[in-house]
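Hi,

Here is the structure I promised to pass on. Have a look at it first, and my notes follow below.

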There are 2 protein chains.
Amino acid sequence: MAQYSAQLDDVFVALADPTRRGVVRRLGSGPASVGELAGAFPMTLPSFMKHVRTLESAGLIRTTKAGRVRTCVLNRQRLAVVEDWLAEQRDIWQQRTDRLEQFVTEEENSP
Amino acid sequence: MAQYSAQLDDVFVALADPTRRGVVRRLGSGPASVGELAGAFPMTLPSFMKHVRTLESAGLIRTTKAGRVRTCVLNRQRLAVVEDWLAEQRDIWQQRTDRLEQFVTEEENSP
DNA sequence: CGGATAGTTAGCGCAAGGGCTAACTATCGG
DNA sequence: CCGATAGTTAGCCCTTGCGCTAACTATCCG
């Protein structure tokens, strides 16, 4: 529950684009080359590559190059950053409802 | 598990900024006026208001104006959009590991 | 070797994002 | 009614994001 703010920023920014979410989704089913991935999106390769780099520097994917083909794999770990943030939100909200309950109880005891 | 893409985009974009995440976090503890919220961030009111509007049009918060003060409340429901997306990712990944297990099993049976 | 394939680099254009100031409106409180 | 308070609107600036073309590098294969 730390103050990941930098990571958090990169990850949310990376996911704030439909193309990049599409890549994450696709990679969920297993690794793929840049070319394979790019085929699913209506843009040129250089444009697509930028998305790949964004995802990689956010840590959401990892890539390796073998011969002339670069293979991308999902780094599921990184999605935990989002999960943790959501969990934190739930906690905060929970604390609030706890306070509300306590307040109501106190009111009942001293009306 | 539909194709929310538009909503999803708005919500992720909204959360891709530390100021806006800060507001969401703060509102988790209960409603607050624009002025109260703005006090926590190093920027002018007009700038801050843009973030409020972004959050509101993404559906993450709701605001109402009484007299001269506008009060903001968190719309927790909307965070479910993110939760659902994450759940979907987990599903996809799960399907993959299922296939892998099946593959391994088949290999064992016919070596 | 030589052509096809798979990325990569460089640079450009445009729209959007996020911040600011200045000036205005609309309460509220005395 | 008047001054202070709480937002709001308008417009400007600058950076970043995202898409494109053109040209280049680096394999792979026959």
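**How the copies meet, and what lies around strand D**

Of the interface residues of chain B, 100% are also interface residues in chain A, so the copies meet through the same surface. Keep in mind that this is a predicted model.

The superposition is neat to look at: chain B goes onto chain A by a rotation of 180° with 0.0 Å of shift along the axis, and the RMSD is 0.0 Å. The two copies are therefore related as by a two-fold rotation axis.

Now to the DNA. There are 21 residues around DNA strand D, and those that come nearest are A:His51, B:Gly35, B:Met49, B:Arg68 and B:Arg70. On the strand's side, 61% of the atoms that come within 4 Å of the protein belong to sugar and phosphate. By residue type, the surface near DNA strand D holds eight charged, seven nonpolar and six polar residues.

A few side chains are worth clicking on:

- A:Ser47 has a polar side-chain atom 3.0 Å from a phosphate oxygen of DNA strand D.
- B:Arg53 also puts a polar side-chain atom by a phosphate oxygen of that strand, at 3.2 Å.
- A:Lys50 goes to a base instead: an N or O atom of its side chain is 2.9 Å from a base oxygen of DNA strand D.

Which elements give two or more residues to the surface near DNA strand D? From chain A it is helix 4 (45–57), and from chain B they are helix 3 (34–38), helix 4 (45–57) and strand 3 (69–74).

Cheers

Key
Residues numbered from 1 in each chain as written. Chains lettered and ligands numbered in written order. Predicted model: local features only at pLDDT ≥ 70, side-chain atom pairs only at ≥ 80, totals over all residues. Heavy atoms only, no water. Least-squares fit on C-alpha atoms with pLDDT ≥ 70 in both. Contact = heavy atoms within 4.5 Å. Near = heavy atom within 4 Å. Polar contact = N/O pair within 3.5 Å; in protein donor to acceptor, adjacent residues only side chain to side chain. Helix = DSSP H or I, 4+ residues; strand = E, 2+ residues; numbered from the N terminus. Nonpolar A, V, L, I, M, F, W, Y, C, P; charged D, E, K, R; others polar.
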